[in-house]
Amino acid sequence: PIGVIRSPYKERFGTPRQPTVTTQVSGGGAQRGCIELRPDAGLDHTLRGLAGFDYCWAITLMHLNAGWKPLVRPPRGPRRAKQGVFATRAPHRPNPIALSALKVVEVDEAALRVTVVGLDLLDGTPVLDLKPYVPYADSFPRAKAGWVDEVRAEEDRLGYWPPPPHLLQQQRSVSDAGS
């Protein structure tokens with residue numbers, strides 16, 4: 001790995017399932033974090049020019065995932081319907097890599113750090129590579145999304161509710177302190 005994710009998300013529950021899905025997640029919305037590159041990896045100057053991009057792709061290793069299944073039940077669509085793992089964005093995969101499009105907030109070349117918003121990754125996630133998001137090459141607005149195009153709103157379970165007891169208690173404590 002070339003670096004590590006520093007994220008406010010310390011456990012899977014409450015971490016966004018996708019960078020753009022931020023309802024009912026820990027912190028109540030898109031959170032700020034950073035990508036710290038390894039100072040011992042010869043990466044000086046590798047961030048030059050990245051500050052001019054609105055987004056970057058982070059390719060990461062889902063280091064806490066063990067095992068995978070060829071058919072999975074995604075959080076979208078009919079509850080009992082299974083899809084092939086390659087037709088989903090499930091984190092448990094034959095090769096446990098992830099691809100996240102993150103909003104670039106700040107690039108500190110000297111510190112080898114990129115501050116980002118929109119993390120869907122846990123703190124400590126190893127980073128394999130970074131690439132700039134380039135709209136002409138990375139965006140296909142009219143692309144079909146297979147079975148996802150058929151999902152009805154009531155079949156969309158991307159949010160988390162109810163949270164586990166320890167997180168529910170944290171939310172109550174924060175709400176009470178703000179009152």
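Strands S6 and S7 run antiparallel in this predicted model, and five bridges join them. Within this pairing, Val104 stands opposite Val116 of S7. Strand S6 covers residues 97-108, while strand S7 covers residues 113-117. The two form a hairpin with four residues between the strands, and it is here that a backbone detail invites a closer look. Leu112, placed in the loop between S6 and S7, has a phi near 55°, a positive value in a residue other than glycine. Is Leu112 buried or exposed? Its relative accessibility is 6%, and because buried means under 20%, Leu112 counts as buried.

The other edge of S7 leads on to strand S2. S2 (residues 32-37) and S7 pair in the antiparallel sense, here over five bridges. Two of the partnerships help to fix the register for anyone following along in the viewer: Arg32 has Val117 of S7 as its bridge partner, and Ile35 has Val114. Ile35 is also a useful landmark on the way to strand S1, since Ile5 stands opposite Ile35 in S2. S1 (residues 3-6) and S2 pair in the antiparallel sense over four bridges. Ile35 thus has a bridge partner in S7, Val114, and a residue opposite it in the pairing with S1, Ile5.

From S1, the path continues to strand S8, which spans residues 126-132. S1 and S8 run antiparallel and are joined by two bridges; in this pairing, the partner of Gly3 is Val127 of S8. What do these pairings add up to? They belong to a closed barrel of six strands, in the order S1-S2-S7-S6-S3-S8, with antiparallel pairing. The twist from one strand to the next averages 45°.

The barrel strands also come together in the nonpolar core. Of the 22 residues in the largest such core, Ile35, Leu37, Leu47, Val114, Leu119 and Leu130 touch the most other members. Which strands supply this core? S2, S3, S6, S7 and S8 each supply at least two of its residues, and S6 gives the most, with four. Ile35 and Val114, already met as bridge partners, are both among the core residues that touch the most other members. Leu130 offers a good view of how the core is assembled: beyond residues up to four places away in sequence, Leu130 touches Ile2, Ile35, Leu37, Leu47, Cys56, Trp57, Ala58 and Val114. Several of these, including Ile35, Leu37, Leu47 and Val114, appear with Leu130 in the list of core members with the most contacts to others.

Strand S3 holds a further buried position. Thr60 is placed in S3, and its relative accessible area is 0%, so Thr60 is buried. Leaving aside neighbours within four places in sequence, Thr60 is in contact with Ile5, Pro96, Ile97, Ala98, Leu121, Thr125, Pro126, Val127 and Leu128. Two of these residues have appeared above: Ile5 stands opposite Ile35, and Val127 is the bridge partner of Gly3.

A contrasting case is found in the loop between S2 and S3, where His45 is placed. His45 has a positive phi of about 75° although it is not a glycine. Where Leu112 is buried at 6% relative accessibility, His45 is exposed, with a relative accessible area of 57%. The two positive phi values, about 75° for His45 and near 55° for Leu112, therefore occur in opposite settings, exposed for His45 and buried for Leu112.

Taken as a whole, the chain has two helices and eight strands, and from the N terminus on its elements run β-β-β-β-β-β-β-β-α-α. Of its 179 residues, 33% count as buried. The accessible surface comes to about 11,300 Å², with 54% of it belonging to carbon and sulfur atoms. Among contacts between residues at least 6 apart in sequence, 76% join residues at least 24 apart.

Finally, a word on confidence across the model. The chain averages a pLDDT of 82, and 74% of the residues score at least 70. Which element has the highest mean pLDDT, and which the lowest? Strand S8 has the highest, at 98, and helix H2 (residues 165-178) the lowest, at 61.

Key
Residues are numbered from 1 along each chain as its sequence is written. This is a predicted model: local features need pLDDT of at least 70, side-chain atom pairs count only at pLDDT 80 or more; totals for chains, interfaces and linings use all residues. Side-chain values use heavy atoms; hydrogens and water are left out. pLDDT is the predictor's confidence in each residue, from 0 to 100. Two strands pair if DSSP finds at least two bridges between them. Axes are lines fitted to C-alpha atoms, for helices over the stretch in contact, and angles run from 0 to 180 degrees between N-to-C directions. Buried means under 20% relative accessible area, exposed over 50%, partly exposed in between (1.4 Å probe, protein chains only). A nonpolar core is a set of buried Ala, Val, Leu, Ile, Met, Phe, Trp, Tyr and Cys residues joined through side-chain atoms within 4.5 Å. Contact means heavy atoms within 4.5 Å. Accessible areas come from the Shrake-Rupley method with a 1.4 Å probe; for residues, only the protein chains shown count as cover.
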